[in-house]
Every structure is written in C-alpha cells, then in structure tokens.
Amino acid sequence: MGKKGKKEKKGRGAEKTAAKMEKKVSKRSRKEEEDLEALIAHFQTLDARKTQIVETPCSPPSPRLNASLSAHPEKDELILFGGEYFNGRKTFLYNELYIYNIRKDTWTKLEIPNPPPRRCAHQAVVVPQGGGQLWIFGGEFASPDGEQFYHYKDLWVLHLATKTWEQVRSPGGPSGRSGHRMVALKRQLILFGGFHESTRDYIYYNDVYAFNLDTFTWSRLSPSGAGPTPRSGCQMSVTPQGGIIIYGGYSKQKVKKDVDKGTQHSDMFLLKSEEGREGRWVWTRINPSGAKPTPRSGFSVALAPNHQTLLFGGVCDEEEEESLQGDFLSDLYFYDATKNRWFAGQLKGPKSEKRKRRRGTRAEHGGADKQECGEASVVPLEVVREVVAEDGTVVTIKQVLAAPGPSKQPQLDEDDSLEEAGGPLVEPCPRSNAMLAVKHSHLYLYGGMFEAGDRQVTLSDFYCLDLHKMDEWTVLVEADPETQEWLEETDSEEDSDDGAEGGEEDEDEDSSEEVGEPQHPLVMPGEPFTDYLPRTEQYWVRLARDEAGPEAKEKRVLKVAHTMAKAFFDDSV
C-alpha cells in the first residue's frame, strides 16, 4: 500500500507542476496576446466589410504551409483554408478559402462574410451532416516579425450547402493551442495534444477533449492507462473498430537557460472506449510491425482507402546546442490498423504501350521473361541534385528515381524516347508541413516547405497520386522554388505597419514597396537557352500574363513569355 500511495502522490505532483507551468505561460503570454488581439481585430474589421458571398475563378493559391486541405463529403471538390508564408522578413497569415474542382481542374476563391480570423496550424474536419460541414478549431496567429504568437481556442463551422460561416461558442473546451490534432468519431469531434508558445515560455499538451455534434457541448476525457506524453504534430486517425491511433509527434523541453532540446516521438498508442462503460476511455501502447517510418516531425497525414492511414514527408532534425539541421523527406508510408502494420509506399513507375508490345514480342520468341516491370521488385535510386537560388543559396533536392531494371530487359530501339521507356519518376521534392487530402482513392498534395541554409522555401506546387495504381505522381501545378521572393533581413526593418500581416492583397502591396524590380531566375553557368527556358517557363508565363493583361489569349501570353526569357538570357550570357 505504501508504494501505491507514493506512486499516486508522485502522479499528483506531476499534475501540479504541469498546472503551475500552464499558469506561468498564460500569465507571461497575456500581454503579448493583448497586443496581437488588436491586430487581429483590425483584420476582422476589414473582413466585416464583406457582406456578400463572392465566388471568383482564380489561379492556384500562393505558396503556403500549415493550411488545411479537406475533401468535400458530397462533391468532387477540395477545400483549402488558411496557412502561413514567410518571405525572409515578414510572416503572412491567411484566412482565405479556396475550392478546387477535381473534374474541371479549376480553382475558385470563395469569399464568405464573417470568416474566422487569419490562422495557421489549426485543424479542420469534414462531416457529412447537413449537406457537409467543415469544422475548424484553434491554430495560431503570428506578429509580422514572427516573434509573438496568439493561440486561438475558437470553434467554427462552415456550412458547405449554404456557404455560411458560424462561430460555435461552447464553454469547457480546450485552451488556446496550435499543432493539435482532431478527428471525427461517430457524432463527436475528438481533439488531442498541441502546444502553446509565448516569447519566453511554451507548453505541450496531451489532454483529450470531445465535442458533441448533437448537443454542441465540450467534455474533457480522462482515459485510464499510460497514454502519450505531451506533443504536437502527431498522427491521429480513426480505426475501423472505432478506436483512435496516436503516432509520433514533436515536443521540446528546456535543458538549461536558453537551450531547448527537441524530441521526435516514434511511439504509438490506441485510445478506445471501455466495453460496457459508456464515456470511459483507456490508453494502450501498441507496437506495430512492418516497415516503420523513421523518426520525424512536420509530416502530413490523410486517410487512405480501406481505412489505412497515409503518412507523407516531414523533416528529421539533428539538433545540437547551437545549431539545428534538417533532412527533409518525401517518402510515403501506410499504416493498416486491422493488421497493426506499417507498409512503405513504393511507386511502380509508368507503363508505356511500346514497352508492353516489346515484352510481348520477346515472350513469343524466348518465353523466359514473364514478369512485367510493374510487377518486378524495383529498388529506387536516390539522386541528389543541387540548385543555386537567386541569392546564391545552394538548394539541395533529393529525388527518388526508378532503378534500372534487370539485365534481361529488352534494349531500347533507336527511335524510343526516354519518356516512352519509362524515364525518371516524377514526384514532389522533400518537404514538411504540406497539405494532404484523399478523394476517390486519389491523394492530393499541396505546398509545404523546405529549408536551404538560412532560407525557408515555401511551396505552391500541387500533385496527385492514384492510390490504387501507385504508378506515378501527376503534376497539377508546377512551381519553381527559385522564383520565390526572399528578402534578406536588414538592420532597419519597418515591421510595425499593420499591412505587413494578412492575405494576398496585403502581401502584394507590401512586396511591391520593398522589392521593386522583380528578381528573375538566374542563368546557370554554361546553361544553354534550351535548358533555361523549360526550367523557368512557368515564371516567365506568370510575368507575361501580368504584362499582357487578363484578356490576353494564352498563345499570346506564351509568345511574350518566351521573348522576355530570351531577352533576359541574352543579357545574362
């Protein structure tokens, strides 16, 4: 009994310490949040001027990370909300709402009165009730210099059928946070973890809350058993049996003054309700088999077909006391909850008609080679290429290519192109904090970021992968990281203006003031124009479209783009 009592006392002590820390963080961050609340109120005043629903066909959204991408429960559409962008000097937060029509391959910007304030690192969950609802909780707002943070604790619902936003006010919910995870389970939203950060302090959470979609009430769950330690950015998914899986995540703690140590978690837990005891939950630690992901943070998660959970990318940080280096990833993993097993996602590569015909001819003559390339075991090759950005930064991009097949594959005819022979696999470059969604067994990936030295490269590319075929990624929007604006910090920053923070209109206005003439993609040493134009064409097309105007025909825009690119190329060599 003595040992048990001591153990319980120790547990209560840990709870008290956590409560004190939360109170300390809350007190120190209150002043910061009051400052940011004024800025948020300013933007809400601007949003309040919008009194009508406006749907505008548009180009793909600007580069961003930590947004949410959700599949419409009834229509062939994806919904992109929020996110953030950093250009080297200022942080921009968004509350824009974009709709991607999958069948038409078109984007629409949807402006609805009274939207949630600008935010990133929130959570969005879609439920089918009432023609479809998009529920959003929490997230964070940052000051233009990225030094102060405001963590939301508000709950919003977008009624997709009527295109209306509604803030749902219910007491007893989670405290302000970002990096948390939320899923829909039956008629509830279940929320886990996250973190709250101020200038000097931070705290990570491992609490669990449930929001009832019928009564619109919050309740805090108190599961029995040893659960996950506090963390943010983990995988949270629902199993076919009605349980909830928590995998991985990130947390940090102070090891000494001004020195923090981060932890990339790789443990896994199952949260499920106790049989015959309604409202009672229990944690169980589980050890899955198979090809497990390497420890990482900033990975993205989506629900794949057959109730499998898909994990993409992220970053593996190597921390030292004074430095932090990250190895960005672009690999795919699937977790099968029914088998409690991880699988590595391997792409088979494209198949061409010519290759199929050649195989058939060879089989008729030799009869030995019966195994097609798509069914053979292919060991991928990792190729590292370095790209020099405009500011001289060397951007290292890892790309996985299909390995050469066995020696018994037929040799190519002279008129066969590399493309017809199944050339290098197209795939997203390594990144973290990307947006994922699955619709009709197709995985969609948008944006994210990677780092090159002190530079943060934020992406706006858009990819699709057929999860049944698993052959190759399809590029829906191509983006060239070299064309991204990057402003070096100066000693005389003027970040105090309100216009420094906000959506695309604010960003464009601010950029024109500070950047002046656009910085065109540089010509690489010894690079011919035939290589330079395909590499930078998307940039010049965008520039030409601005010059020619929205009414210009696509053929005209392309001609102007090529002329501008050639003129710049000739001046550079």
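## A helix that comes up short

Helix α4, residues 529-548, spans only 23 Å between its end C-alpha atoms, whereas a straight helix of 20 residues would span 28 Å at 1.5 Å a residue. Keep in mind that this is a predicted model. So where does α4 have its kink? The kink is centred on Thr-536 and comes to about 65 degrees.

Right after α4 sits Gly-549, with a positive phi near 95 degrees.

## What α4 hides

Thr-536, where the kink is centred, is also one of the buried residues of α4. The aromatic ones on that list are Phe-529, Tyr-532, Tyr-539 and Trp-540. The others, besides Thr-536, are Leu-533, Val-541, Leu-543 and Ala-544. An α-helix has 3.6 residues a turn, so residues three or four places apart point the same way.

And what covers these buried residues? The cover includes α5, residues 554-572.

## Two loop residues with positive phi

Most residues other than glycine have a negative phi. Asp-105 goes the other way: its phi is positive, about 55 degrees. You'll find Asp-105 in the loop between β6 (97-101) and β7 (106-111).

Ser-441 is another non-glycine residue with a positive phi, this time near 60 degrees. Its loop runs between β29 (435-439) and β30 (442-452).

Buried or partly exposed: which is Asp-105, and which is Ser-441? Asp-105 counts as partly exposed because its relative accessibility is 42%. Ser-441 has 19% relative accessibility, so Ser-441 counts as buried, the cut-off being under 20%.

Methods
Residues numbered from 1 in each chain as written. Predicted model: local features only at pLDDT ≥ 70, side-chain atom pairs only at ≥ 80, totals over all residues. Heavy atoms only, no water. Helix = DSSP H or I, 4+ residues; strand = E, 2+ residues; numbered from the N terminus. Expected span 1.5 Å × (residues − 1). Bend = angle between axes of the 7 residues up to and from the residue. Buried < 20%, exposed > 50% of the residue type's maximum accessible area, 1.4 Å probe, protein only. Contact = heavy atoms within 4.5 Å.
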